[in-house]
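Have the sequence and the 3D view open side by side. We will go through the fold piece by piece, starting with how some of its helices cross.

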Amino acid sequence: MSRVGAALGETRTSLATVFRNPGLRNINLAFAGSAIGDWAYATAIVVWAYSQGGLTLVGIWGTVRLLLMALVTPFAATLVDRWPRKMVMITSDLCRGALVFVVAFLIFVDFNAVVILVLATLAALVGSPFRPAVAALMPSLVDEPEELTAANGAASTIESLAFFVGPALGGLMLTVLDVSAVIIFDGLTFLWSALLVS
């Protein structure tokens, strides 16, 4: 228990350090919104895909999506070195937001499932440079080396929490709302993220 207490204390200290710096605070809140929205969105798409084609469609889409992300992410990360990081993040957020709003509308009108899944996958791919841009931007926002260490720790904590909070929030929302509404929520998290980054 003492180790758990020490770990929680270190996390609390890191978060406090990060949230005292306005730039680090905004970038981490943007990352939190983006990551939580991503996981809520993925949960909603999986539920929708299951309603359209059962486990087979979910399995095919999940496999294709992860393979494409594994192939695209290393190349997308190079955008961070070629373009201003802030612009990469805002563009990623706005493109993902636009795509998920289109997906929400197409699901609402019961459009072709293949088109919806292609757009849903594209939204995930467009988001692939976001996390590398966060990591690359953080050193320019710190005043002291200790802040960078704290910021990296905070980003890892946020990423881990989003992995749990996003699907949980998506699942909870699906108990009272339809899939399109959950996807619209995701689009709003991307707008929130773009606003904070800007």
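This is a predicted model. Start with helices H4 and H8. The two are roughly antiparallel, because angles over 145 degrees count as such and theirs is about 165 degrees. So H4 and H8 run in roughly antiparallel directions. Their axes lie 8 Å apart. The crossing of H4 past H8 is left-handed. H8 covers residues 179-197, and H4 covers 85-108.

H8 also meets helix H7, residues 145-176. Here the axes come within 9 Å and cross at roughly 140 degrees. That angle makes H7 oblique to H8. This crossing is right-handed. Look at the residues that touch. From H7 come Leu 169, Gly 170, Met 173 and Leu 174. From H8 come Val 179, Val 182 and Phe 185.

Now move to the loop between H4 and H5, where Asp 110 sits. Most residues other than glycine have a negative phi. Asp 110 is not a glycine, yet its phi is positive, about 60 degrees. Is Asp 110 buried or exposed? Its relative accessible area is 59%, so Asp 110 is exposed.

Next comes the start of H5. A side-chain oxygen of Asn 112 reaches to within 2.9 Å of the backbone nitrogen of Val 114 there. H5 itself has 14 residues, 113-126. How far should H5 span? At 1.5 Å a residue, the expected value is 20 Å, and the end C-alpha atoms are 20 Å apart, so the two agree.

Which residues of H5 are buried? They are Ile 116, Leu 117, Leu 119, Ala 120, Thr 121, Ala 123, Ala 124 and Leu 125. An α-helix has 3.6 residues a turn, so residues three or four places apart point the same way. The buried residues of H5 pack against two helices, H2 (22-77) and H4.

H2 brings us to a last residue, Asn 28, which is found in that helix. Its relative accessibility is 1%, so Asn 28 counts as buried. What does Asn 28 touch, leaving out residues up to four places away in sequence? The contacts are Val 18, Met 138, Ala 151, Ala 154, Ala 155 and Ile 158. Asn 28 can also be set against Val 197. The two are 169 residues apart in sequence, but their C-alpha atoms are 9.2 Å apart in space.

Conventions
Residues are numbered from 1 along each chain as its sequence is written. This is a predicted model: local features need pLDDT of at least 70, side-chain atom pairs count only at pLDDT 80 or more; totals for chains, interfaces and linings use all residues. Side-chain values use heavy atoms; hydrogens and water are left out. Helices (H or I, at least four residues) and strands (E, at least two) are DSSP runs, numbered from the N terminus. The expected span of a helix is 1.5 Å times one less than its number of residues. Buried means under 20% relative accessible area, exposed over 50%, partly exposed in between (1.4 Å probe, protein chains only). Contact means heavy atoms within 4.5 Å. A polar contact is a pair of N or O atoms within 3.5 Å; within protein, one must be able to donate a hydrogen and the other to accept it, and residues adjacent in sequence count only if both atoms are side-chain atoms. Axes are lines fitted to C-alpha atoms, for helices over the stretch in contact, and angles run from 0 to 180 degrees between N-to-C directions. Angles under 35 degrees count as roughly parallel, over 145 as roughly antiparallel, 65 to 115 as roughly perpendicular and the rest as oblique. A crossing is left-handed if the near helix is turned anticlockwise from the far one by less than a right angle, and right-handed if clockwise.
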